[in-house]
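Let's take a walk through this fold, one piece at a time. Have the structure open and follow along.

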Amino acid sequence: MRQYFKRMLKSGDLARFDTGIYYLPKASRLLKKSYLDPMKVIIRKYIQSTTEIYGYFAGATFANQIGLTTQMPAMLEIITSKESTKGRTVTVGSQAIRLKRPATTITSENAALLQLLDAVSQAEKYSELSALETGNLLRNYAKQQNYSKELLSSVLSGITGPTAKKLIEWGIIYEFTS
């Protein structure tokens, strides 16, 4: 198998992105070679496959996505079920990533809610807005996502005291539907 991979790499039928990551190159009209997008590799490896979700972006990355900050982080932060340590830094391509394990198992159903709860817990750390504006933005985001109370109760074990306090103070808790 190794020799077959080596021959395919040499002939150009297969390309190597990183250790253990290979892809089939497709030549474009503009560029003679094709390149694999590092973000696609990161998402497939740590966030979701074609059938399941096992991670999500957190920290400044998600804060930027929802509008809490305009800053783009140099290092992506990802919470993933594929990680067993409290935290470590890896490099995929040229992108540095901080991986952390989740407080509770991430599933396709609860990933978005866990991502919101993580954003609530770290909102003051990353937000460029006032506390009132931050609360309003997160409350509106929760309202748009239309989370249920049952889903919230299924992840209660992963909610810390300060996060629960912020959910109540900012009125986010009232946006969960019956």
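Before we start, a word on angles: an axis here is a line fitted to C-alpha atoms, for helices over the stretch in contact, and angles between N-to-C directions run from 0 to 180 degrees. Keep in mind, too, that you're looking at a predicted model.

Start with helix α4, residues 111–126. This helix has a kink of about 40 degrees, centred on V120. It's also mostly covered, with twelve of its 16 residues buried. Among the buried ones are L113, L114, L116 and L117, along with Q115, D118 and V120.

So what do the buried residues of α4 pack against? On the strand side, the partners are β3 (55–58) and β4 (76–80). On the helix side, they are α3 (59–66), α5 (131–145), α6 (149–154) and α7 (161–169).

Now look at α4 and α7 together. Their axes come within 9 Å and cross at roughly 90 degrees. Angles of 65 to 115 degrees count as roughly perpendicular, which means that α4 is roughly perpendicular to α7. From α4, the contact uses L117, V120, S121 and E124, while α7 brings T163, K166 and L167. It's a mixed bag chemically: three nonpolar residues, two polar and two charged. V120 turns up twice in this story, as the centre of the kink and as part of the contact with α7.

Next, the sheet. Four strands form an open sheet in the order β3-β4-β6-β5, and the pairing is mixed. Because β3 and β5 (88–92) stand at the edges with a single partner strand each, one side of each has no neighbour in the sheet. On average, neighbouring strands are turned by 35 degrees against each other, direction ignored.

Strands of a sheet pair through backbone hydrogen bonds, either parallel or antiparallel. Here you can see both around β4. With β3, the pairing is antiparallel over four bridges; with β6 (residues 95–100), it is parallel, also over four bridges. I79 is a handy landmark: Y56 stands opposite I79, and in β6 its bridge partner is K100.

How much of β4 is buried? Five of its five residues are. L76, I78 and T80 point one way and E77 and I79 the other, all of them buried.

Finally, see how helices sit on this sheet. α3 lies across β3 and β4, running at about 80 degrees to β3. α4 packs on the sheet as well, touching β3 and β4, and its direction makes about 20 degrees with that of β3.

Conventions: Residues numbered from 1 in each chain as written. Predicted model: local features only at pLDDT ≥ 70, side-chain atom pairs only at ≥ 80, totals over all residues. Heavy atoms only, no water. Bend = angle between axes of the 7 residues up to and from the residue. Helix = DSSP H or I, 4+ residues; strand = E, 2+ residues; numbered from the N terminus. Buried < 20%, exposed > 50% of the residue type's maximum accessible area, 1.4 Å probe, protein only. Contact = heavy atoms within 4.5 Å. Parallel < 35°, antiparallel > 145°, perpendicular 65-115°, else oblique. Nonpolar A, V, L, I, M, F, W, Y, C, P; charged D, E, K, R; others polar. Pairing = 2+ DSSP bridges.
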